[in-house]
Amino acid sequence: MEIILLLIFLPVVGAAIVGLLGKLELAKTVAFIWSLFSLGLTAYLLSEFDPGAGTQFTVDYPWFLSMGSRFNVGIDGISMILVLLTNGLIPLIILASFNHEYKNPGAFYGLILFMQTGLLLVFTALDAFLFYVGWEAALIPIYFICAIWGGPNRIKVNIKFFIYTVAGSLIMLVGMIYMAQQTADKTYDLQSFYQASLSAGAQSWVFLAFFLAFAIKMPVFPFHTWQPDTYTEAPTTGTMLLSGIMLKMGIYGAIRWLIPVAPLGFAHWGPTVLVLSIIGIVYASIIAFTQKDVKRLVAYSSIGHVGLIAAGIFVWNLNGLQGAMIQMISHGVNVVGMFFILDIIIRRLDTRDTDKMGGIAKSAPTFAIGFLIVLLGTVALPLTNGFIGEFLLLMGVYNYNIYAAAIAGLTIIFGAVYMLRMYQRVMLGDANEATLAFRDINANEKVVLFIICGLVILIGIYPNPILNISEPAAKSLIDLVNGKIGNVSSF
Amino acid sequence: MFTHLVWLIPLLPLIGFLINGLGRNVLPKSAVGFIGSVMVLLSFIVSIGIFTELNDSAVKSVVYPLFDWIQVGDLKISFSFQVDPLSSLMLLIVTGIGFLIHVYSIGYMHHDSGFAKFFAYLNLFVFFMLLLVLGSNYVVMFIGWEGVGLCSYLLIGFWYSNPSYASAAKKAFVMNRIGDLGFLIGIFLIFSMFKSLEFSTVFSQAANLAPNNNIIVLITILLFIGATGKSAQIPLFTWLPDAMAGPTPVSALIHAATMVTAGIYMIARSNILFTLAPFTLNIISIIGIATALLAATIAITQTDIKKVLAYSTVSQLGYMFLGLGVGAYTGAFFHVITHAFFKALLFLGAGSVIHAVSNEQDMRSMGGLRSKLKITYATMLIGTIAISGIPPFAGFFSKDEILAHAYEHNKLLWVLGVVGAMFTAFYMFRMLFLTFSGKFRGTKEQEEHLHESPGSMTFPLIVLAILSIVGGFIGVPEVLHGNHWLARFLEPVFYASSTKVHETAVLDHNTEYVLMAVSVIGAVMAAIIAYVRYSKNGHVPVPDTADRGALANLSYNKYYIDELYDFVIAKPLNLLSGFFYRIVDKTLIDGIVNGFGKVASEASKGLRLLQTGNIGFYIFMMIAGIVALLAYGFLNI
Amino acid sequence: MESVIQSIQGVPLNHYILFSAIIFTIGVIGVLIRRNAIVIFMSVELMLNAVNLLLTAFSAYRGDASGQVFVFFIMALAAAEVAVGLAIIVMIYRNTNSTDINVLNRLKW
């Protein structure tokens, strides 16, 4: 048995088992333990992993041969980071949901584990068709999670989310089919995609087709309008999955399937996309200033942060790419932490409106400290995880253009403004009747918050192990693209 | 020996922070205060050891690497410390004054419920400040730089239940962040130019460059923007007066003695870059003197004792920047040291007063405290004389050095500097007389409660008062038959800069005597005017409701700069936020997205009208279709 | 059998085509202008039989029996269709007391 198959399909087996438990409360415990198996397996993989050795643990089985698609998976440094993120965050997200009584927990946690397999397929696939299958397989469970366990407005919001995302991915599928026709051996193989020689014009179209899917998923301005509504309406666990892991599919896709597949298209559209990303940073941050719904505020802040990651990718240099890698982990940890914190507040106060909050710090000092640490990670204070990522990303953008860096850097100021404003409105100031009775966090919440805060600080102090995982892979990917662009024109 | 223990210096306060932070609900107050203070004291002892070692040693700069922090491609940022004359002196200030203020806080914060939290924050601040000072590259410095901003935020908002205090904390953090962005981009520029962020590498390469390099000018301007944020210069100075919302020891430590001088420290550290950019130096001197005067003119009408001191700090920081701008790096750093002594003293004294009068800060409700608070009065008097620049107290020497360099550079700067110094003397003596002379103007209860502060509070006052008296003697200029120990000690740090500047005519001794005489006489006269007005005539500032003159009103309301920023920046941004959210996001972009859905559903609404349900019509359409198909077929054949 | 073919071929093919076309057109017009479901039904049968006639004629003229085989199939089909169609009409009549197709306009938006 190949270990990577075990890694990918272990969660789906767990999903079946958990699903069978139906309405038993036991389901969440089983799901949690099962996700720990995956995490342990990831740790084992990590210990076996050699960053310098390219793609490892590869498995290549014939699949839809007549179509030119094989079941071809493997892990290189970039994939490793995302596998680590997925398998690290899912146990945490499940643990964070322990305070919720979701009806029909078997189905709920089964869907989460099913989604995990989809995500892992996306992050390890070396075949475009397989990538697409994983891409959609991850979407289906999250749709049901949001549509069944979400807020009152969930159906309408979810249809928009679903159709929007599917529209993007169908266009990507068209692009993939076109690419497969253009490869030398008429296959969906990643390397064949990389080696296909298309005219600059054709690459432009392929770039757009792929970009649309990834831009919607991330989301990049102006394809973001599904996101605040969905984050707000989804159950908190769903929001964590969406923001913590799922949006990284778009970023990963851009790194693996967009820029190297259509380098000339990237050369043509890259600057435009960069401008969009930077607009997104400023735009979303400014919107976040006046949001009174805490979930919506964090949703917009997430658009801003992802905009910076996108900018770091689309400048396509080592600093930017490495910054994106570590920021994906940091953003995952921070945004899950942030939504967990908001969930605690919302569950206790039964409102998302900041006007009805205030003074919580007084009644819940431990909670206030945890909130503050996560917040500091989000605003990228040095010695927290956010700083490493934003520093490298901004440096990457700076290497491309100093003005772009100056504008993208506004996130440092704006982030402080809206986050501290929220903290002040929620935690500081005078308490009202509801917040006066605010219970401090219980043991489960303490554990989750402690893990998150620990990660925030640990990654901030010693980021090198993570950076080392992805550096060789990032370097070779950059060389590949620059070589191809350089052959045709000087970019 | 001690140099190898340099990692202990920041580590000890960090340990203190962790112990006090984690044990805040368990530890008794005495233990908390003891741990907090002793950790800083130990750091101070190590700092003294390092200082004496460095003084005796021939090697004037030691880099002590700890571990590799960030490593991406050719970007290698190591977590490492640098010990040299500049950082060793700054270490002494931070840990020494830090220790005194910790001791003071034991008394001052004794009744506060957040006692342990307060000490944890203070320790954390000292930790970050030491990182800032010790960092051997710009990024480690930046850690400390942002870290102290965080602690400043936490401590200003220490009493966060008061919404305006929480807002002041937020304002301080955000304004600092504006500067930090400039600093950060400056760091990127430095890296792309020198391929390194280590001070030693950058400065040794820069020493070989010709002046007026455009990139260097840009780098220095960006670094200076960073400094304006942290050191409260125009245009980012408005946070510092608001920062007085924090407990008074915080104001003394963070917002007077240490953190706010970080900008000066950073520029002094990067002096070679700035020397290569005369253009930036001119800007710095202009901003410096403008800030000094602006803040001084605001200070003369303020009635809150801490606000007076806050604006005084802004003004003195302006002097330091003036010193940097005219190339008097030693003078500026000298003023950092002396200012740390007397301003910490004045703030702690003010704290002692506030403590005595039951948390009243308005000087209109004070007065006549001289007899009740003897030690506080005596020490604050010393501080006031020192800040006014009256010899032989500390402030005189440092301020004089800056002014002398300003005179060499540009006579107008000197004139403005002297005017500012007169303002300084005036508002400081005004504060002193309003507080201590005349009759007590507060309530009866407050009067009965008046008392001298406990020993833990007066002890730091006395130490600082002694330092304010003798602190100036480390830099007695040659003209006064001194040998300026400080300049010689710091020479290795500023050596490269001094070789770049072609010394213009050095002032002859007579000119220097005249300059000193003018500034001293000016200060004394201002003090006398303040005495006559506020002590002899017993003038008291009018209540808020009364009319002032137009000028006084402008000054009292801080030139309406806060309102201006609010109107020009904050309000438009909030409006923009609403506009983006409601119009652009919800209506325009979402409108287009939903438009796709609408087009589909509208089209179906139109097309379904064809389904009339009338069978005859269906059949007719069917036959018409067949005929049309046939016709099409015939025509095409 | 020969004589049948010969007698059919005695009439020129054009006449058959013309005749079928006329019957078919009568059927179409009947479907279009009449409202009674039964009459429409009969008109549909008329069209069907016009086609049958044509098939038979061509079959005879070309000497190919498969045309006539088709006709048998169509007739069988038509019988089935009549059975179902009339049943529907009877049901409609029972429900609406009328066989006017304008009553049957419920199948719309």
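# A tour of three chains

The largest cavity has a volume of about 100 Å³. Let's begin there, keeping in mind that what you have open is a predicted model.

**Stop 1: the cavity in chain A**

Select His305(A), His331(A), Asn334(A), Val335(A) and Thr378(A): of the 13 residues lining the largest cavity, these lie nearest its centre. Now show the helices around them. Four elements of chain A, namely α12 (294-314), α13 (318-349), α15 (365-378) and α16 (385-400), each give two or more residues to this lining. Which of them gives the largest share? Colour α13(A), which supplies five residues.

If you colour the lining by residue class, you should find nine polar residues, three nonpolar and one charged. Should you wish to look further afield, the count of cavities of 30 Å³ or more comes to six.

**Stop 2: a turn of the backbone close by in the sequence**

Follow chain A from α15 towards α16 and stop at Leu383(A), in the loop between these two helices. Check its backbone angles: phi of Leu383(A) is near 75°, a positive value in a residue that is not glycine. Most residues other than glycine have a negative phi, and most peptide bonds are trans. That second point leads to the next stop.

**Stop 3: two cis peptide bonds**

Stay in chain A and select Met218(A) and Pro219(A). The peptide bond from Met218(A) to Pro219(A) is cis, with omega near -5°. Pro219(A) belongs to the loop that runs between α8 (200-217) and α9 (226-233) of chain A.

Then move to chain B and pick Ile234(B) and Pro235(B). Here too the bond is cis, and omega is near 5°. Pro235(B) sits in the loop between α8 (214-230) and α9 (239-242) of chain B.

**Stop 4: where chain A meets chain B**

Zoom out and show chains A and B together. Of the two pairs of chains that touch, A and B make the most contacts. Chain A brings 60 residues to the contact and chain B brings 54. About 5000 Å² is buried between chain A and chain B, with carbon and sulfur atoms giving 69% of that area.

For a close-up, select Lys160(A) and Asp590(B). Their side chains meet in a salt bridge, 2.5 Å from N to O, and this interface has two salt bridges by the rule used. Between chain A and chain B there are also 28 residue pairs in polar contact, both residues being at pLDDT 80 or more.

Which helix of chain A should you highlight on this side? Choose α18 (residues 410-427), as its 10 residues are the largest share of the side of chain A that touches chain B. By class, that side of chain A divides into 41 nonpolar, 12 polar and seven charged residues.

**Stop 5: where chain B meets chain C**

Now hide chain A and bring in chain C. This contact takes 12 residues from chain B and 10 residues from chain C. The area buried between chain B and chain C is about 900 Å², and carbon and sulfur atoms give 72% of it.

How many salt bridges cross the interface of chain B and chain C? The rule finds zero, and it also finds zero residue pairs in polar contact with both residues at pLDDT 80 or more. On the side of chain B that touches chain C, six residues are nonpolar, five are polar and one is charged.

**Last stop: the pair that stays apart**

Show chains A and C on their own. They do not touch, and their nearest C-alpha atoms are 23 Å apart.

Technical notes:
Residues are numbered from 1 along each chain as its sequence is written. Chains are lettered from A and ligands numbered from 1 in the order in which they are written. This is a predicted model: local features need pLDDT of at least 70, side-chain atom pairs count only at pLDDT 80 or more; totals for chains, interfaces and linings use all residues. Side-chain values use heavy atoms; hydrogens and water are left out. On a 1 Å grid over the protein atoms alone, a cavity is a set of points where a 1.4 Å probe fits but cannot get out, and a pocket is an open set with protein on both sides within 12 Å along at least five of seven lines; lining residues have an atom within 4 Å of a point. Grid points are joined across faces, edges and corners, and a volume is the space filled by probe spheres set on the points. Ala, Val, Leu, Ile, Met, Phe, Trp, Tyr, Cys and Pro count as nonpolar, Asp, Glu, Lys and Arg as charged, and the others, Gly among them, as polar. Contact means heavy atoms within 4.5 Å. Buried area is the accessible area (1.4 Å probe) that two parts lose on being put together, summed over both. A salt bridge is a side-chain nitrogen of Lys or Arg within 4 Å of a carboxyl oxygen of Asp or Glu. A polar contact is a pair of N or O atoms within 3.5 Å; within protein, one must be able to donate a hydrogen and the other to accept it, and residues adjacent in sequence count only if both atoms are side-chain atoms.
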